[in-house]
Amino acid sequence: MKKLINNPRSVVAESLEGFGLAHHELVQIHLDPDYVLRRDVPVEGRVGLVSGGGSGHEPLHGGYVGRGMLTAAVPGPVFTSPTPDQILPAIVKSDSGSGVLLVVKNYTGDVLNFETAAELAAVEGIDVRTVVVNDDVAVEDSLYTAGRRGVAGTVLLERIAGGAADRGDDLGKVAEIAERVNANVRSMGVALAPCTVPHAGEPSFTLAEDEIEMGVGIHGEPGRHRVAMTNADSITDQLMEPVLSDLGVASGDRVLLFVNGMGGTPLSELYIVYRRAAKILEERGARVERSLVGNYITALEMEGASVTVLRLDDEMTELWDSPVNTPALRWGV
């Protein structure tokens with residue numbers, strides 16, 4: 001194992017320290033318990049947005065703390081859920097009196113720990129709502145979930161719900177928009193090669209030189225099946241068909257197309273995937289009105305990609321385009 005680390009046990013803390021130094025104008029870092037806050041919290045008259053999960057998916061979630069996205073992010077150990085005693089202070093610090101929306105990816109540990117923290121926050125008089133993201137069409141149940149996993153659609157939901165909070169929507173409206181995004185977004189990923197969790201010291205799974213994992217999860221969980229390695233267009237076809245079928249994309253639909261890298265795939269290859277995915281949507285009569293390509297929710301250095309399609313309406317498009325200023329996503333400011 002070759003990694004730019006000092007000690008496997010201190011990876012998260014040292015990474016957070018470096019992240020805070022690099023983006024001190026946007027975020028503040030709290031250690032023991034670990035969480036990331038907007039520099040300007042609380043934002044008076046605005047709903048707070050809090051998310052989190054295991055580390056190793058950077059820039060998710062800490063990279064999306066800032067104007068137009070998250071108020072706070074709570075990182076657990078690599079690929080391990082944060083604990084309620086981390087999540088609760090992040091909720092408390094994010095509340096300006098307008099309530100807090102929790103954005104939780106559908107993994108059993110995340111759901112349980114955020115639920116516990118929400119109950120504790122309610123005891124302190126904070127109005128808390130939760131949206132559970134479950135956009136992965138690959139499998140219904142996996143190693144870490146009951147039901148579908150929450151994956152790359154989380155980035156789009158945090159951006160759009162964060163835009164709603166930034167314009168001053170109340171908690172009920174922000175939650176409704178978040179649920180609307182979740183209902184209209186689908187994703188599926190593929191792994192070409194595994195990643196290595198620092199404290200494990202060995203790959204999280206194995207693939208033969210000539211095989212790939214279709215429908216892989218963001219922790220390396222098994223997907224639908226393993227198939228022989230083939231060209232980029234064929235792989236993209238196999239990702240797009242279940243995404244579009246499950247979402248029911250029809251001619252005339254307006255969509256956002258998001259091609260995400262898992263951490264170890266060159267951007268040039270992601271654009272090759274995007275090229276084919278956009279062509280498929282064009283052939284279906286759908287209009288790609290917005291796009292995102294890059295490493296936005298990763299699995300350490302896993303080689304692979306995912307495709308995400310979000311069916312847009314006027315309000316979601318407006319909120320996507322609204323100003324955002326975070327370490328990992330920034331425009332309009």
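This report walks through the sheet of a predicted model and the helices that pack around the fold.

Let's start with the sheet. Six strands, in the order 1-2-4-3-5-6, make up an open sheet with mixed pairing. Strand 1 (27–30) and strand 6 (128–133) are the edge strands, each pairing on one side only. From one strand to the next, the twist averages 20 degrees.

At one edge, strand 6 pairs with strand 5 (residues 100–105) in the parallel sense, over 6 bridges. One of the partners to look for is V131 in strand 6, which bridges to V103.

Two helices can be found on this sheet. Helix 3 lies across strand 3 (48–55), strand 5 and strand 6, and runs at about 165 degrees to strand 5. Helix 5 (residues 171–183) also packs on the sheet and touches strand 3, strand 5 and strand 6; its direction makes about 5 degrees with that of strand 6.

Next come two helix pairs:

| Helix pair | Axes come within | Crossing angle |
|---|---|---|
| helix 2 (residues 84–94) and helix 3 (residues 108–123) | 8 Å | roughly 50 degrees |
| helix 4 (residues 153–166) and helix 8 (residues 314–321) | 8 Å | roughly 90 degrees |

The angle in the second row makes helix 4 roughly perpendicular to helix 8. Here L156, R159, I160, G163 and A164 of helix 4 meet M316, L319, W320 and D321 of helix 8. By class, this contact has 6 nonpolar, 1 polar and 2 charged residues.

Helix 2 passes helix 3 in a right-handed crossing. Residues of helix 2, including P84 and I87, meet residues of helix 3, among them F114 and L120. By class, the contact of helix 2 with helix 3 has 9 nonpolar, 2 polar and no charged residues.

Conventions:
Residues numbered from 1 in each chain as written. Predicted model: local features only at pLDDT ≥ 70, side-chain atom pairs only at ≥ 80, totals over all residues. Heavy atoms only, no water. Axes fitted to C-alpha atoms, helices over the stretch in contact; angles between N-to-C directions. Helix = DSSP H or I, 4+ residues; strand = E, 2+ residues; numbered from the N terminus. Parallel < 35°, antiparallel > 145°, perpendicular 65-115°, else oblique. Contact = heavy atoms within 4.5 Å. Nonpolar A, V, L, I, M, F, W, Y, C, P; charged D, E, K, R; others polar. Left-handed = near helix turned anticlockwise from the far one by under 90°. Pairing = 2+ DSSP bridges.
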